[in-house]
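Work through the exercises below with the model open. Each task is followed by a stepwise solution.

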Amino acid sequence: MKIAKVYIKNFRGYGECNINNGMYMFEQLDSSEVVILSGYNGFGKTGFFEAIEWCITGKIKGLQEIDIYDKNTMKKSPYLKFQSTNVIKEREVMVSVIFDNDWGITRKTFCNSLDENGYNDTAMDINGHIISQTLIDEKILQCVGQLSEQIFKLSFNGQSRNTDFVKSTKAKNRTSALLEFMGLKLIDDIVKESDSQKRRKLKSKYTQVNKQLQTVIEEIKKIDLIFKNNKWGSIETYSELVGELLENISSLFYEMNLFGICEQIELSYDDMNKLMDSLDVVRIQKEKLVRKNVSIENNIADIVKRRLQKEWNQIQQLLNSAQLVKKLNLKDLEYDKERLSILQDIYRKSIDELQEIKQNSHLVASISSILKSDNIIGITKEEKEYYKTYINAYNTLQIIGEKFALIGNYENVKYDIDREFGRAKKYESYIKKIENVISMQKQQINEIEGVYAEQKNLLIQVQSFVNEQDEISSCPVCGGVEFINEKKNGKDELLKLISTKIADGNSALKEKNDKLIILEERLKKIREKVRLYIRTNYYTNMNMLETELSRMNDCISKECDSRISCNEQSFGKCGTRLTIISSQIDKIQNFNNKYQSCNLNIEEIILKKESQKSKIEEFLRIKFNIFELQNYNELGEKTNDEHIRPLLRKKNMIIKAMDALDNIVQYDVGIENRNLLRQYEAKCEYRNQLEAQVSLFEEAIDFRSIINEKSKILEYNLLKTLVENNKVINWVYNKINPHPYFREVSLKIINEETGILSAEDNNIYLDHIFSEAQMNVLSLSIFLGLILSIKNYNFGQIYLDDPVQSLDDINVISFIDLIRALLKADKVHKSYIISTHDHNFSKLLKIKLRNYRFVEYKFVSYGEEGPRIKKNISSDIIV
């Protein structure tokens, strides 16, 4: 398989050309026996090789593995994407590689470098379908017989690529480089991983595991010794015995759970770990039962204490009753009780009457205030009735107040509402007549010719408004003040002006209007008189009545409250005394009923009960440290046998359970050994695992020694066959002939190291004495010798990047003859892609290979968008 075409855009030194959609096109690579890329350094020849590598592998090994830049520098450097200071735009890097089997790869990215954060690219096949790197590697492996990255080790020889095995400072490293070059890195890795140094690490691990095994064995022995010292027998016997005890405890806890003493617990002994957990539960439950037992004992003691206190209280009450029998007469107490009951009824009745009076007074005085109106001239019928309502309420409060010696201050005889109402009606009738005359006068004025009717009506309205005012400071229509004179009344002057304007020179009209002014002035004065003498007098009397009603209601309420408080105090005192007397009567009657049939007299009864009381006090003092006792009514709660019996039953159950717990505690191995015993089964299992690991380590140490020995032999035989006995390397070396004396090279494998020796004298190491140019020839010889010797490798092209640098003219001609000889060889089916910066070499190469199919891509110059390339077969110039 060969590469047929390569298309490049915006990759490293390649920008966008102005044809072919901006793609640089390299074609006829598979049909030419030799492809020449010629031009000055820095024009993009090496970039052509790197573009192929990035497209196929997604990497550029030559850049990513160099040590002159650290990673941070590589992240900042835009080395992947073409950069132009003149043309600023978003560029997409794109490289396409098409093979001669019509399969190809196109890789794209917008990233500036392979090392930047978030780098990503997209690979597609020739049909535009996205493909993964794994699929690319599988396809290459299927067609060529090697993975993608291995192609670039075998078939691409760069300025620094594939010379590590020659220029390496250590011969041992050279051996590893040769094996990796030939795709045999796995064998080298096996040799390194199985060497004596690695076996020392394995032995160290073996020692570590064996030490862990001995530690575990000692811990198991320690556990066995504990059982031996306690005479518990074996672990199995111990588990069975403790299991039986745990079953007994489980049944006891089940029974206690039914009585609400504790919660149900799960005790298991299926394995040693669960058995230790159960022992931990037993220890915790024992502590809980101890606390529970103390609580129950305290409850029992509290009931006993309260029971004795109750009995002491009953005796004390009996003694109190006996003293009452001695001191008081039952008939006198019953008489006092009846008398106090009568007094209480009197006080209760008085309180009810006072509260009723207070409530009635409040209802009478709760009359809403009258709403004043300035539009009414006299007194309305509603206002007259309102006044009478107030008078009736006042008279009612006068009657109520007489009970408390309260007298009202309002003299209603001085104000007769009916008389005032009649006067108001007369005035209203008179005012109505004047208003009718004024209306007729205005009508007559309107009928007399003068100013226009609309203007006359307006002037008459303004005149009426001015007449109603007490004083005028400006004209109500225009706001003018010219008519005002300090010596004359402004209102009169304005009325004269209006009258004159209304008359408009008509003397009859002026006379009529002057009479109208006089009538309006008279109407105003009459209204003011009515308002002053009738309406104001009405509101004054109404306010006086309202104030007096409020005052009398407050006085009555205060007097009622005072008397109610006094009666309530007396009622309470009677009640207290009545309660005491009733209690005394009940105690005397109860005592008489209880000891009526007893032959003992009161003194003997008192003496007997005092003796019982002293014994109880002594017991409470000694047992409960109680020195003072009082009468407690609540002591009767929870002091009977129904409350104490369940507590005694629970106490007996707890004692039985605690005995069982004490019995199992003797089988406790102790906190310090509990973890050991808990881990016993795990330790035994761990011991078996460690024994198996120790056995495996012993086998592995022996097996690694065998592997190392066998792999070294295989490595040696492969190197001897492919390298040491490789005649093609010497044939290539002889063709170029870089040294006049050392005409043959010998690669020797000595103690796992690869030495580059002179075939004439094996004591001379050529890599120690050769110049840079001779080292390049040596490296090229080994490269071509190895690649031409590898079988089952079907990649039909060899890429040589500037192979003749530092070579003299004779070596250059010899190299061209070598290429021509390889092209003539029947068994070598390879084509060659060669780049060079040497114009003479390029020219000589074309002359010498004129009889072979070749194409030249000449990098003639470099512009803003990359190199300008001329194709030699046709005269096309790719710009």
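**Exercise 1. Place Leu29 and list what it touches.**

Solution. Start with contacts, meaning heavy atoms within 4.5 Å. Skip residues up to four places away in sequence. Leu29 then touches Ile3, Ala4, Lys5, Val6, Val35, Phe48, Gln797, Ser831 and Tyr857. Next, locate the residue. Leu29 sits in the loop between E2 and strand E3 (34-39). Helices (H or I, at least four residues) and strands (E, at least two) are DSSP runs, numbered from the N terminus. Now check burial. Leu29 has a relative accessible area of 0%, so it is buried. The cut-offs are under 20% relative accessible area for buried, over 50% for exposed and partly exposed in between, with a 1.4 Å probe and protein chains only. Finally, take the C-alpha distance to Asp100: 9.2 Å, for two residues 71 apart along the chain.

A note on the source: this is a predicted model, in which local features need pLDDT of at least 70, side-chain atom pairs count only at pLDDT 80 or more, and totals for chains, interfaces and linings use all residues. Residues are numbered from 1 along each chain as its sequence is written, and side-chain values use heavy atoms, with hydrogens and water left out.

**Exercise 2. Which residues have the most contacts inside the largest nonpolar core?**

Solution. Apply the rule for a core: buried Ala, Val, Leu, Ile, Met, Phe, Trp, Tyr and Cys residues joined through side-chain atoms within 4.5 Å. The largest such core has 97 residues. Ile3, Ile8, Phe26, Phe48, Ile52 and Phe815 have the most contacts inside it. Helix H24 (residues 772-789) supplies the largest share of this core, 10 residues. A second, separate core holds 48 residues, among them Val242, Ile249, Met272 and Met276. Now go back to Phe48. Beyond its neighbours within four places in sequence, Phe48 contacts Val6, Ile8, Tyr14, Phe26, Leu29, Leu37, Tyr799 and Ile833.

**Exercise 3. Describe how helices H13 and H17 cross.**

Solution. Take H13 (residues 381-402) and H17 (residues 507-595). Their axes come within 10 Å and cross at roughly 30°. H13 and H17 are therefore roughly parallel to each other, a label for angles under 35 degrees. Axes here are lines fitted to C-alpha atoms, for helices over the stretch in contact, and angles run from 0 to 180 degrees between N-to-C directions. The crossing is left-handed: the near helix is turned anticlockwise from the far one by less than a right angle. Contact residues include Tyr387, Tyr394 and Leu397 of H13, and Tyr538, Leu545 and Asn553 of H17.

Pick out Asn553, in helix H17. Asn553 has a relative accessible area of 9%, so it is buried. Setting aside neighbours within four places in sequence, Asn553 contacts Ser361, His362, Ala365 and Leu397.

**Exercise 4. Are Arg12 and Asp102 buried or exposed?**

Solution. Begin with backbone angles. Most residues other than glycine have a negative phi. Arg12 has a positive phi of about 50°, and Asp102 has one of about 65°. Arg12 lies in the loop between strand E1 (3-9) and strand E2 (24-26). Asp102 lies in the loop between strand E4 (93-99) and strand E5 (104-109). Arg12 has 24% relative accessibility, so it counts as partly exposed. Asp102, at 64%, counts as exposed.

Technical notes:
Angles under 35 degrees count as roughly parallel, over 145 as roughly antiparallel, 65 to 115 as roughly perpendicular and the rest as oblique.
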